[in-house]
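Subject: Structure handover

Hi,

Here is the structure I promised to pass on to you. Please open it alongside this email, and I will go through what turned up in it.

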Amino acid sequence: MQIWTFTIAFQLIFDTFVDYKYHGYWYFSKGIDWVNLPGMIFLISPVNILFLNWFLLQKSLMKKVLYIFG
């Protein structure tokens with residue numbers, strides 16, 4: 001449970017920092033894009049939980065690499 005919380009918090013902080021400080025994700029307009037915030041909170045978080053929950057811990061390194069890139 002702690003790794004999920006850390007991953008979600010770290011990703012949200014990183015994405016917010018890169019987006020708002022360096023405009024790393026702007027495509028069409030400058031400034032804060034409030035429309036993306038619910039997606040970042042409610043869509044990315046469950047995907048991270050599913051990714052970590054189904055990670056192949058007991059498999060070979062090659063299968064782990066394929067899982068990460070897939």
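A quick definition before the details: a helix here is a DSSP run of H or I with at least four residues, and helices are numbered from the N terminus. Please also keep in mind that this is a predicted model.

Let me start with the aromatic rings. Searching the whole structure gives 5 aromatic pairs. One of them joins Phe6 and Phe10, whose rings are stacked, with 5.8 Å from centre to centre and 20 degrees between the planes. Both residues belong to helix α1, which covers residues 2-22. Phe6 and Phe10 are 4 residues apart there, about one turn of the helix. As for solvent, Phe6 has 52% relative accessibility and Phe10 has 51%. Exposed means over 50%, so Phe6 counts as exposed, and so does Phe10.

Phe10 has a second partner, Phe14. Their ring centres are 6.4 Å apart and their planes meet at 20 degrees, so this pair is stacked as well. Phe10 and Phe14 also both sit in helix α1, again 4 residues apart, or about one turn of the helix. Phe14 counts as partly exposed, at 44% relative accessibility. Taken together, Phe6, Phe10 and Phe14 make up one aromatic cluster.

What else do these three rings belong to? Phe6, Phe10 and Phe14 are among the residues of a nonpolar surface patch of about 1100 Å². The other members are Ile3, Tyr25, Phe51, Leu52, Leu61, Val65, Ile68 and Phe69. At least two residues of the patch come from each of α1, α3 (44-53) and α4 (61-69). Phe69, in helix α4, is exposed, with a relative accessible area of 72%.

One more residue of helix α1 that you may like to look at is Thr7. With a relative accessible area of 21%, Thr7 is partly exposed. Which residues does Thr7 contact, leaving aside neighbours within four places in sequence? They are Asn48 and Leu52, and Leu52 is also one of the patch residues. The C-alpha atom of Thr7 is separated by 8.6 Å from that of Ile49, although the two residues are 42 residues apart along the chain.

Happy to talk any of this over whenever it suits you.

Best wishes

Conventions: Residues numbered from 1 in each chain as written. Predicted model: local features only at pLDDT ≥ 70, side-chain atom pairs only at ≥ 80, totals over all residues. Heavy atoms only, no water. Phe/Tyr/Trp six-rings, centres within 6.5 Å; stacked < 30°, edge-to-face > 60°. Buried < 20%, exposed > 50% of the residue type's maximum accessible area, 1.4 Å probe, protein only. Patch = residues over 30% accessible without salt bridge, like charges linked within 9 Å, V, L, I, M, F, W, Y side chains within 5 Å. Areas by Shrake-Rupley, 256 points an atom, 1.4 Å probe, with all protein chains shown as cover. Salt bridge = Lys/Arg side-chain N within 4 Å of Asp/Glu carboxyl O. Contact = heavy atoms within 4.5 Å.
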